[in-house]
Amino acid sequence: MAVEPGTYNFTLQRRSDHVIPLVFKDSSNNAIDLTGYTVSAQVWDETRSTKYADFAVAYTNRSTGSISISLTDTQTATFMTNSLKYDVLLENPSGLKEYYLEGTITMSEGYTA
């Protein structure tokens, strides 16, 4: 069964750390048990010609579908384009890969150093 990815757009300040807690649920609103799953997420330019970063993934509670994806201030300092794209890919224990989340990151300049 194909998954239609959800959309989450957000604004991010350059040179800041950013953490996004996520809980994955099925169409009946039940948590997806992520035991044995691999989650990956990346940030790209809109044409997908330049990869800016890989999100770090922390599995906070696999059985309840809870993870966090994060970027560091060092990574976001390199985000010089004003609009970037990202997505979150889940690979189940059988090797099936599906995108569950995607969106646009709008960059904002942080001024305090």
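A residue is called buried when its relative accessible area is under 20%, exposed when that value is over 50%, and partly exposed in between. In the predicted model described here, R14 has a relative accessible area of 6% and is therefore buried. The side chain of R14 meets that of E109 in a salt bridge, with a distance of 2.7 Å from N to O. This pair links distant parts of the chain, since R14 lies in the loop between strand 2 and strand 3 and E109 lies in the segment after strand 9 (97–108), 95 residues apart. E109, with a relative accessible area of 31%, is partly exposed.

E109 also meets R15 in a salt bridge, here with an N to O distance of 2.8 Å. Again distant parts of the chain are linked, the two residues being 94 positions apart in sequence. R14, R15 and E109 are thus linked in a network of salt bridges. R15 has a relative accessible area of 40% and so counts as partly exposed, and its backbone shows a positive phi of about 65 degrees although R15 is not a glycine. A positive phi in a residue other than glycine is likewise found at N29, where the angle is near 70 degrees. N29 belongs to the loop between strand 3 and strand 4 (38–45), and because its relative accessible area is 55%, N29 is exposed.

The count of salt bridges in the model comes to three. One of them joins K51 to D54, whose closest N and O atoms are 3.1 Å apart. K51 is partly exposed, at 39% relative accessibility, and D54 is also partly exposed, at 37%.

Aromatic side chains form five pairs in the structure. In one of these, the rings of Y52 and F79 have their centres 5.8 Å apart and their planes at 80 degrees, so the pair is edge-to-face. Y52 lies in strand 5 (residues 51–54), whereas F79 lies in the loop between helix 1 (73–76) and strand 8 (83–91), so the pair ties together parts that are 27 residues apart in sequence. The accessibility of the two partners can be set side by side: Y52 is partly exposed at 22%, while F79 is buried at 0%. Elsewhere, ring pairs link Y8, F10, F55 and Y86 into a cluster.

Charged side chains are also placed over aromatic rings. R48 lies over the face of W44, at 4.0 Å from the ring centre, and the charged end of R62 sits over the ring of Y59, 3.7 Å from its centre.

Among the strands, strand 3 (residues 18–23) has two faces, a covered one formed by H18, I20 and L22 and an uncovered one formed by V19, P21 and V23. Strand 3 runs antiparallel to strand 7 (residues 66–71), and six bridges join the two. On the uncovered face, P21 has S68 of strand 7 as its bridge partner.

Strand 1 (residues 6–7) contains T7, which is exposed, with a relative accessible area of 56%. When residues up to four places away in sequence are not counted, T7 touches L101, E102 and G103. T7 and S40 are separated by 33 residues in sequence, and their C-alpha atoms are 16 Å apart in space.

How values were computed:
Residues numbered from 1 in each chain as written. Heavy atoms only, no water. Buried < 20%, exposed > 50% of the residue type's maximum accessible area, 1.4 Å probe, protein only. Helix = DSSP H or I, 4+ residues; strand = E, 2+ residues; numbered from the N terminus. Pairing = 2+ DSSP bridges. Contact = heavy atoms within 4.5 Å. Phe/Tyr/Trp six-rings, centres within 6.5 Å; stacked < 30°, edge-to-face > 60°. Lys NZ or Arg CZ within 6 Å of the ring centre and 35° of its normal. Salt bridge = Lys/Arg side-chain N within 4 Å of Asp/Glu carboxyl O.
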